[in-house]
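Me: Could you walk me through a few spots in this protein, one at a time? I'd like to see how each answer is reached.

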Amino acid sequence: MSLMDQLFPANHKTTFVVDHTPYFGLASNSHIKMDFTKRPSGGIPPAPIFKSMWTCSIEAVLEYCRIVWDLFPEGKLIRVISSDMQSRTLNNWSSSQQNVNYMLHHLSSLGPPAKLVPNPNRDYSVVYGFRTAAEAMIECTTAQMDQAAKKNNIEVQNKCRTVIITSARDNPSIDNLMSMFHNEIIKSNKYVSQPNSMSINHCHLVIINTYPDSITCEVTDRPPHPISPMLDLEVHSIPASKIGIKISNLLLKHYNLASTTVTGIPMKEEQNASSSANYDVEIYHAATAHTTILNANVADAKAVVAKKEGADYETIKLKWCTPRANNNLPDIHSCTTLHRITPVDINSRPSACLITFLLNGRSVLLEMIKQGGGKSMSHVLKSYNGEIYIHTVSSGRTVLEDPPAISEGPGGKVTQYRVADFGTFMKLNLLQPTKRKQTEDKNYIDDAKEKLKKQTAYWPLITSSTIIFNLKQYTEPMLSLMVKDNISDQEVMNCKQCIYSLMAAESKNEHLITPSLSNPRKIMKKDDQYKSMWAELETFLKSNLYTENHCKVLQCLFECRGKLDEEKIIEKTLMRFKKSLADRPSVIRATTDSPMSPPLTQQTGIKHNIAHKAVAADPNSVMYLQIVQDQDNRRVNPPSRPQFAGRLKSIQKRNGNLFAKLYQHIDDDTDAKGAK
């Protein structure tokens, strides 16, 4: 990504065009929650009041704006345009109008959509907002004008995004809207006047088609795809009651955000202050705050990642850790990143309590629960100057710590590296310069990289993070054979024998790992040991499925463990391998090393320009047919370039090599000089 893409990406300017036609006054399936605390007992509850499509849409847009402005006080600008009989702009690019209070004030004066009454004199359409959106996108923001005024020979790119919320009948109607918007962009680019405006270089168009929950819609979703060099299109079709969830999902993608759910927050009950319960609060922040977790152990990362209920995105679940009083946690812990946060549901009581707790100067530790049952501190929540931040706690080493030790002894915390296994691994993958010339269709460097990639698909670094590599009396030679590109039937039997040995050890209730003070798994029970061992062995075998014989070893494991559902996956994999073998060409490509190729003879020189009938090759071989075709072509179309004179006058020696005498006329010149 270039510097200009980082300074002015597509999310620098975002324009919302919201349909304000009478159709959006229809009711959706989303009702307004009302709590009547003083309702008489036995009374009839009031009928539910449903939100209109306009209310659902504008609430989702305002929540989109609130989250963006909370996380990005500067640099991320949003404009909202409503369209019915004409377009109305609710704000501009000025920083004073980039806040929720200003938007709410202008929305109150806008009012709800008009009633749905047929009137031929009134033409309601969302199209009126397209020209206003295009004119807004060509307007320069303060940051763009400042960058252009620097005159540093760097062209400022005007990239933007437009989100249209409307209701269409079918896919051709969506195409018609896209075409009209595209035309408005082209027209606006023709009337650009410097220095307050600039041409639109690229626009990301997102059309959200919404409709009442009681009907079905024929509009289908479309992933982002280019329409022209300056326009990309993305289409989403969603009921009005779920438009808020869809816009939240788009928000995470547009601004590279991530979700964290703080679980287990103790909070007193509102009705009964003497009792307390645990609540969860979801917050948004920059996605880079989760880099450390997602790049850590894969099993631990999967243990904390969960899909958000009712949404299409994932959230990281971190546990609340009871903070200590009068502590300054970010000062005593090494933090790597710092990002603003904002709650997803700002009106809920748990969110309000968590925000109030942090704004009072307290800090909150967040713990990551690992798959093995352990936990480690991963993040810290703390406020500065009324802004709440999430700190990523460093899980690795700092420059202030001692360097890690390779072997047992003082100096480091990690002293269980698989040094001997790594030495063996390096010997097996020793790179040497090749003596053969590198052909065009084969790259030895890429082959070496591919081999390393296969053998390191699953390779634990320390002994405490693996079980099967510590049980070589059971798992060898299976560990060495499975990383090979091809294994024979006898090697498959050897691998299966290792699995049978582990099954026998489990039936005898033998200890897999000897308890010791240096082994952190000393407290694991036998059942837990075997459970972890089988899971790790399955992961190892799945990482090394290269041929049909490799699949047979994994199938043996599933049969021993009684996993019938997994056997279906193996059957599909085997069928894929067999199909790939059947699709291969039956003719072996002829090379100089092929047994069907003719002997190595020189085809040049006076004594060796032999006819194709004298070629010592099988008349039915591919090499024979190729030679015949080449010599026929030479007779019809002789080579345009003449052969080298030295090669034509060369003679063949007994060993088959060609011999050409250099300076053949040097003797003639000497005799001529002597005669003079």
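Me: In which strand is the place of A306?
Reply: Happy to help, and keep in mind that this is a predicted model. The strand in question covers residues 305–307, and A306 falls in that stretch. The name of the strand is β12.

Me: Is A306 buried, partly exposed or exposed?
Reply: Its relative accessible area is 22%. Buried means under 20% and exposed means over 50%, with partly exposed in between. With 22%, A306 is therefore partly exposed.

Me: How far apart in space are A306 and K317?
Reply: Along the sequence, A306 and K317 are eleven residues apart. A306 touches K317, and also E314 and T315, leaving aside residues up to four places away in sequence. From C-alpha to C-alpha, the distance between A306 and K317 is 7.2 Å.

Me: Now to a loop. Is L461 buried or exposed?
Reply: L461 lies in the loop between α13 (444–455) and α14 (472–475). Among the residues it touches, not counting those up to four places away in sequence, are Q416 and Y417. Its relative accessibility is 60%, and the cut-off for exposed is over 50%, so L461 counts as exposed.

Me: And Q98: which backbone oxygen does its side chain reach?
Reply: Q98 is found in the loop between β5 (87–89) and α3 (100–110). Its relative accessibility is 10%, so Q98 counts as buried. Its contacts, leaving out residues up to four places away in sequence, include W69, L77 and N92. At 2.8 Å, the side chain of Q98 reaches the backbone oxygen of N92.

Me: How many disulfides does the structure hold?
Reply: Let's look at two cysteines on the way. C56 has 7% relative accessibility, so it counts as buried, whereas C217 has 24% and counts as partly exposed. A disulfide needs a pair of cysteine sulfur atoms within 2.5 Å. The number of disulfides in the structure is zero.

Me: Last one, on helix packing: are α16 and α18 roughly parallel or roughly antiparallel?
Reply: Helix α16 (residues 489–507) packs against helix α18 (residues 548–561) at an angle of about 20 degrees, and their axes are 9 Å apart. Angles under 35 degrees count as roughly parallel, so α16 is roughly parallel to α18.

Me: Which hand does the crossing of α16 and α18 have?
Reply: Residues of α16 that take part in the meeting include V492, C495 and I499, and those of α18 include V553, C556 and L557. As for the hand, the crossing of α16 and α18 is right-handed.

Definitions and conventions
Residues numbered from 1 in each chain as written. Predicted model: local features only at pLDDT ≥ 70, side-chain atom pairs only at ≥ 80, totals over all residues. Heavy atoms only, no water. Helix = DSSP H or I, 4+ residues; strand = E, 2+ residues; numbered from the N terminus. Buried < 20%, exposed > 50% of the residue type's maximum accessible area, 1.4 Å probe, protein only. Polar contact = N/O pair within 3.5 Å; in protein donor to acceptor, adjacent residues only side chain to side chain. Contact = heavy atoms within 4.5 Å. Axes fitted to C-alpha atoms, helices over the stretch in contact; angles between N-to-C directions. Parallel < 35°, antiparallel > 145°, perpendicular 65-115°, else oblique. Left-handed = near helix turned anticlockwise from the far one by under 90°.
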